[in-house]
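Thanks for coming. I will go through the strands of one model and how they pair.

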Amino acid sequence: MGFRALRVINEDFIAPGAGFGKHPHRDMEILTYVLEGGLAHSDSVGHTSVLRPGHIQRMSAGTGVQHAEHNASETASVHLLLVWLEPDAAGHPPSYEELDLGPDGARDRLRQIAAPDGADGATTWHADARLFAARPTADTELDHELAPGRHAWVQVARGRIALNGTLLGPGDGAAVSDESHLACVAAEDAEFLLFDLA
């Protein structure tokens, strides 16, 4: 909790039929990344959807929004990563986006899924951060260059990867500073998020 603009990464497991009732947020960039199951979302701005693996939801709470999230199934659990980033300024209007990566959208590559400029088909958020998703198959190496003064956070969701030689497994996160190059080598089929942060 609290590395650069990255405020929180929660790994949540939601039981069948359970969830979070309507609650408020403001001045926070919120991204939901579903790994298994279906997450039903509704908010005070009028958006409703069911997020499934491969679908990313980005919500800027801005001046204020209320939302509720529930497991869409009565029989299967939901596994997800919930990301909060501090925005570049307070008082943005609330906004909402979804991105469908498809089954192979991040296979063997770093796919940008959130950025301040929405480049490469990413969702757009109000933070000096770029977020990449990756689903490398075993022995695949994915490389990322960090500009001077930039930092990184790598969060492993599934499988194992070696980050610049350090082995990380499911649920592990690594804060990276004073590095210019990141080499992510999959020790087995894996899935992870990489944040490039100011």
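What follows covers two sheets and then one further strand pair.

This is a predicted model, so to speak of local features a pLDDT of at least 70 is needed, side-chain atom pairs count only at pLDDT 80 or more, and totals for chains, interfaces and linings use all residues. Residues are numbered from 1 along each chain as its sequence is written, and side-chain values use heavy atoms, with hydrogens and water left out.

Strands here are DSSP runs of E, at least two residues, numbered from the N terminus, and two of them pair if DSSP finds at least two bridges between them.

One open sheet has five strands, in the order 1-8-3-6-9, with antiparallel pairing. Strand 1 (6–14) and strand 9 (95–100) each have a single partner strand, so one side of each lacks a neighbour in the sheet. Neighbouring strands are turned by 15° against each other on average, direction ignored; the axes are lines fitted to C-alpha atoms, and angles run from 0 to 180 degrees between N-to-C directions. Inside this sheet, strand 3 (29–36) and strand 8 (78–85) are joined by seven bridges, and E29 has L85 as its bridge partner.

The other open sheet has four strands, ordered 13-18-15-16, also antiparallel. Its edges are strand 13 (141–145) and strand 16 (166–168). Twist from one strand to the next averages 25°. Strands 15 and 18 share three bridges, with A162 partnered by V185.

Last, strand 14 (151–158) pairs antiparallel with strand 17 over four bridges, and Q155 stands opposite G173. In strand 17, A174 and V176 point to one face and are buried, while G173 and A175 point to the other and are not. Buried means under 20% relative accessible area, with a 1.4 Å probe and protein chains only.

Note on methods
Buried means under 20% relative accessible area, exposed over 50%, partly exposed in between (1.4 Å probe, protein chains only).
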